Amino acid sequence: MKCLPTRRAVLAAGAMTVVGHGAVWAQESNRTYRLGVLAGLPRGAPQSGVVVADLGKAGFIVGKNLIIDWRLQGSPEQTTASVAELVRLAPDVLLAAGTLGMVAAQAATRTIPILGIADDMVASGLVPSLAHPGANLTGISMEILMELVPASRHMAALADPSVAGPAQLAALRSAAASRSVVLWIYPVHGPEEIAAIVGAAQAAGATALNVLASRMLDANRKTILDRCAALNLPAIYQWPEMAEEGGFAAYGPRYAKMLRQLARQVVKVLHGAKPADIPVEQPTEFELVINLKTAKALGLSIPYTILALADEVIE
């Protein structure tokens, strides 16, 4: 068996950065700050609480000296409209979730600092380069899925075309080909397609699924989890939280930790840091989570050698 990486690996699986060139603000006791948020999840989702809590610890408190304007992204048209609304409100910082949101924000303003998370900042054209690009998470997740479901000779991947670039898909194909596994890649253009596409993949003969990182896919994770459970289809996800919510397995950075990194960058800008001086940050801890309850429901037995590598095993 190949040696699979654990949380000690340092990989360029996602990154966050400030990409605007706006003015600089130093925190002032007598002013109210404004944060614009373009998100794939509605306000009040558990993930949003992480950022708000960390901002509060730094002295930026909603209802006291901080206003948060929240808008949803969806289709390209909806995302563009949401960004336009936020820009008109003139926030001190614009937070954008995912590649689609960050690209739309960059197109809408060159004066407001934009901060966000994307799977591949360089391939998406959001930044020119990373200082330490590291390895590729996509290929590793494929390797792990093949170890978890060794009998599978046909696998599928769900990919958001607005996020998954040629390099990422090439890494998937290369990992699958190295083990003589046939891999079909299914592009998903909108939430309404997810259930049907997962069903089509299973009907075509796929016996395992790799769900690639995407704000749109993450925002509709319940649909994916429920559909995979109904079809008895094992799937691996990027966020460890998805395995904890019932997914078969996950490998990647913990979403809550990335949001805390994001909150720290917001604080830096609000404290007066120049956007151009804030480097791209990458997650340094990656967790392998395996849900044995789900594996049992799928009729799968996980080798002890893989369980020993897991950061968390849900029984």
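Ala-90 comes out at 48% relative accessibility, so Ala-90 counts as partly exposed. I start there, in the loop between α2 (76–88) and β4 (93–97), where Ala-90 is found. Ala-90 is not a glycine, yet its phi is positive, about 55 degrees. Please keep in mind throughout that this is a predicted model.

A second residue belongs beside that one. Asn-232, also not a glycine, has a positive phi near 55 degrees. Asn-232 sits in the loop between α8 and β9 (235–237), just after α8. Is Asn-232 buried, exposed or partly exposed? The relative accessibility is 46%, so Asn-232 counts as partly exposed.

Now the overall picture. The protein has twelve helices and twelve strands. There are 315 residues, and buried residues make up 54% of them. Take the contacts between residues at least 6 apart in sequence: 73% of those join residues at least 24 apart.

On to the interior. In soluble globular proteins, nonpolar side chains tend to be buried together. In this model, the largest nonpolar core has 51 residues. Which residues have the most contacts inside that core? They are Leu-35, Leu-158, Leu-209 and Tyr-237. Helix α10, residues 255–270, gives the largest share of this core, with nine residues. Apart from this core lies another one, of 31 residues, and Leu-172, Ala-208, Tyr-251 and Ile-306 are among its members.

Tyr-237 deserves a closer look. Setting aside neighbours within four places in sequence, Tyr-237 is in contact with Val-211, and with Ile-224, Leu-225 and Cys-228. The other contacts of Tyr-237 are Met-242 and the run Gly-247, Phe-248, Ala-249, Ala-250 and Tyr-251. Tyr-251, then, is a contact of Tyr-237, while Tyr-251 itself is listed in the core of 31 residues.

Three of those contacts, Ile-224, Leu-225 and Cys-228, bring us to helix α8. This helix spans residues 221–230, and Arg-221, Ile-224, Leu-225 and Cys-228 are buried in it. Why do these four count as being on the same side of α8? Their arc around the axis is only 95 degrees, and that puts them on the same side. Turned away from that buried side is a face with the exposed residues Lys-222 and Ala-230.

What does α8 pack against? One partner is α6, residues 194–203. The axes of α6 and α8 are 9 Å apart, at an angle of about 30 degrees, and the crossing is right-handed. From α6, the contact uses Ile-194, Ala-195, Val-198 and Gly-199. From α8, the contact uses Thr-223, Ile-224, Arg-227 and Cys-228. Sorted by class, there are five nonpolar, two polar and one charged residues in this contact. Ile-224 and Cys-228 recur here: both are buried in α8, both touch Tyr-237, and both take part in the contact with α6.

The last item is a loop residue, Ile-278. Ile-278 lies between α10 and β11 (287–291). Is Ile-278 buried or exposed? With 7% relative accessibility, Ile-278 counts as buried, whereas Ala-90 and Asn-232, the loop residues from the start, count as partly exposed. How far is Ile-278 from Lys-268 in space, C-alpha to C-alpha? The distance is 8.3 Å, and the two residues are ten apart in sequence.

Definitions and conventions: Residues are numbered from 1 along each chain as its sequence is written. This is a predicted model: local features need pLDDT of at least 70, side-chain atom pairs count only at pLDDT 80 or more; totals for chains, interfaces and linings use all residues. Side-chain values use heavy atoms; hydrogens and water are left out. A nonpolar core is a set of buried Ala, Val, Leu, Ile, Met, Phe, Trp, Tyr and Cys residues joined through side-chain atoms within 4.5 Å. Buried means under 20% relative accessible area, exposed over 50%, partly exposed in between (1.4 Å probe, protein chains only). Helices (H or I, at least four residues) and strands (E, at least two) are DSSP runs, numbered from the N terminus. Contact means heavy atoms within 4.5 Å. The arc is that of the directions from the helix axis to the C-beta atoms. Axes are lines fitted to C-alpha atoms, for helices over the stretch in contact, and angles run from 0 to 180 degrees between N-to-C directions. A crossing is left-handed if the near helix is turned anticlockwise from the far one by less than a right angle, and right-handed if clockwise. Ala, Val, Leu, Ile, Met, Phe, Trp, Tyr, Cys and Pro count as nonpolar, Asp, Glu, Lys and Arg as charged, and the others, Gly among them, as polar.
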